[in-house]
Amino acid sequence: MSVGPSADQVRLLTTPAEPWLSCDDCFHLMDVVVDQLVATSRPVEELPRLRAHLRACPACAEEVDSLLELTCDDARVDSAPARAALGLGDGALPR
Amino acid sequence: MTVTEPGGARVGVVPRPAEVIQPVEAGMVADQSRTAVDWPAALTAGGACEQQALRELHGLMLRASRHQVRRMHGLITDLGPDRCDEIAQTAADEALTVLLTKLHTFEGRSRFTTWAYKFAILQAATEVRRQAWAGREVSLDGTATWTEPGDGPEGEAVASDLAGAVVRAMELALTGYQRKIAVALLIDLVPIDVLAERLGTTRGALYKTLHLARTRIRAYLRAAGYLDDGGNS
């Protein structure tokens, strides 16, 4: 058996990240999406783009997850549904 | 004092705002009864009202930066509690500086507190990553050090087939710069903020390069029959 990329490395190298969203756009949107997910049951228009970006950018994913946790603490609500909607916590990416 | 702009740009030395030199009490939480409209008005009202709003806002920023440092403490376990709190305090100060320059951009689409938290979270996370990698060398030669595939038939299949194609895609489909960035971020697991600082660029610019690299790898794999049109391997 030859040495090569692990399954995790293959996954990281081939992670799809469409539709495109930049880190700047992610920063611009994160508070809006987090508040909508925590405070309302309305569909969140920007969710697909943000979710795709968070799957591909572990630094942004860490920061959005942290913002969500803090916001849910303030609102005294469970963060699990919003985390699931954002696709957070389902990978072992570095942050 | 250096400040991280959203997107990762380091904007150099910024004077700490005189208004926040007076420290807030530990654990102080801002008046969350303020509305999104009240906060910007209070922060530009002048006089005692503005001073009070700044103190409350600094309390909010400190809460968020401490929260972030706690979340990422596993990356800086060699630092003592005093140093960790110093990181949080500095991040809160710097984030407040950035926020005040961006106050006119607040659109009221979220609660002001949520909008404010994100500046402190970004600043604290960036600083923790920098501390965690301080003194560590980052190899930028684009040469991947592959780990051994996992045990069992599944791991071997990945190693011999798809993984081999991924290696070829990196060699043939990527530019040298794209390969260097992909290896550093995805194989060597250098945090994107750290790599951006070492290369004198921004998180946003590196993410765009990484996005293009992944797109090229996926296109190569699709053309070679390893991904279907839906992008599944």
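## Exercises on a two-chain model

Helix H8 of chain B, residues 192-199, is largely enclosed by the rest of the structure, because 6 of its 8 residues are buried. Everything here comes from a predicted model, so keep that in mind as you work through the exercises.

**Exercise 1.** Find which residues of H8(B) are buried, then look at what comes just after H8(B).

*Solution.* Start by walking along the helix: the buried residues are Ile192(B), Asp193(B), Val194(B), Leu195(B), Ala196(B) and Glu197(B). Next, step just past the end of H8(B), where you meet Gly200(B) with a positive phi of about 70°.

**Exercise 2.** Now zoom out and describe chain B as a whole: how many helices and strands are there, and in what pattern?

*Solution.* Count the elements to get 9 helices and 2 strands. Then read along the sequence, and chain B gives you β-β-α-α-α-α-α-α-α-α-α. For burial, take the 233 residues of chain B: 42% of them are buried. Finally, check the contacts in chain B between residues at least 6 apart in sequence; 73% of these join residues at least 24 apart.

**Exercise 3.** Work out how many residues each chain gives to the contact between A and B, and which elements of chain A take part.

*Solution.* Chain A puts in 35 residues and chain B puts in 49 residues. On the chain A side, the elements giving two or more residues are helix H1 (7-14), helix H2 (23-39) and helix H4 (58-75). Sort that side of chain A by class and you get 20 nonpolar, 9 polar and 6 charged residues.

**Exercise 4.** Take H2(A) and helix H4 of chain B (residues 112-133), and say how the two helices are arranged.

*Solution.* First, the axes: they come within 9 Å and cross at roughly 130°. That angle makes H2(A) and H4(B) oblique to each other. As for handedness, H2(A) passes H4(B) in a right-handed crossing. Now pick out the residues that make the contact: Phe27(A), Met30(A), Asp31(A), Val34(A) and Asp35(A) from H2(A), and Thr114(B), Trp115(B), Lys118(B) and Leu122(B) from H4(B). Split these by class, and there are 5 nonpolar, 1 polar and 3 charged residues.

**Exercise 5.** Is Glu62(A) buried or exposed?

*Solution.* Begin by placing the residue: Glu62(A) is in helix H4 of chain A. Then count its C-beta neighbours inside 10 Å, which come to 23. The cut-off for buried is 20 or more, so Glu62(A) counts as buried. To finish, compare Glu62(A) with Thr40(A): they are 22 residues apart in sequence and 23 Å apart in space, C-alpha to C-alpha.

Notes:
Residues are numbered from 1 along each chain as its sequence is written. Chains are lettered from A and ligands numbered from 1 in the order in which they are written. This is a predicted model: local features need pLDDT of at least 70, side-chain atom pairs count only at pLDDT 80 or more; totals for chains, interfaces and linings use all residues. Two residues are in contact if their C-beta atoms, placed from the backbone, lie within 7 Å. Helices (H or I, at least four residues) and strands (E, at least two) are DSSP runs, numbered from the N terminus. Ala, Val, Leu, Ile, Met, Phe, Trp, Tyr, Cys and Pro count as nonpolar, Asp, Glu, Lys and Arg as charged, and the others, Gly among them, as polar. A residue is buried if 20 or more other C-beta atoms lie within 10 Å of its own, exposed if 12 or fewer, and partly exposed in between; C-beta atoms are placed from the backbone. Axes are lines fitted to C-alpha atoms, for helices over the stretch in contact, and angles run from 0 to 180 degrees between N-to-C directions. Angles under 35 degrees count as roughly parallel, over 145 as roughly antiparallel, 65 to 115 as roughly perpendicular and the rest as oblique. A crossing is left-handed if the near helix is turned anticlockwise from the far one by less than a right angle, and right-handed if clockwise.
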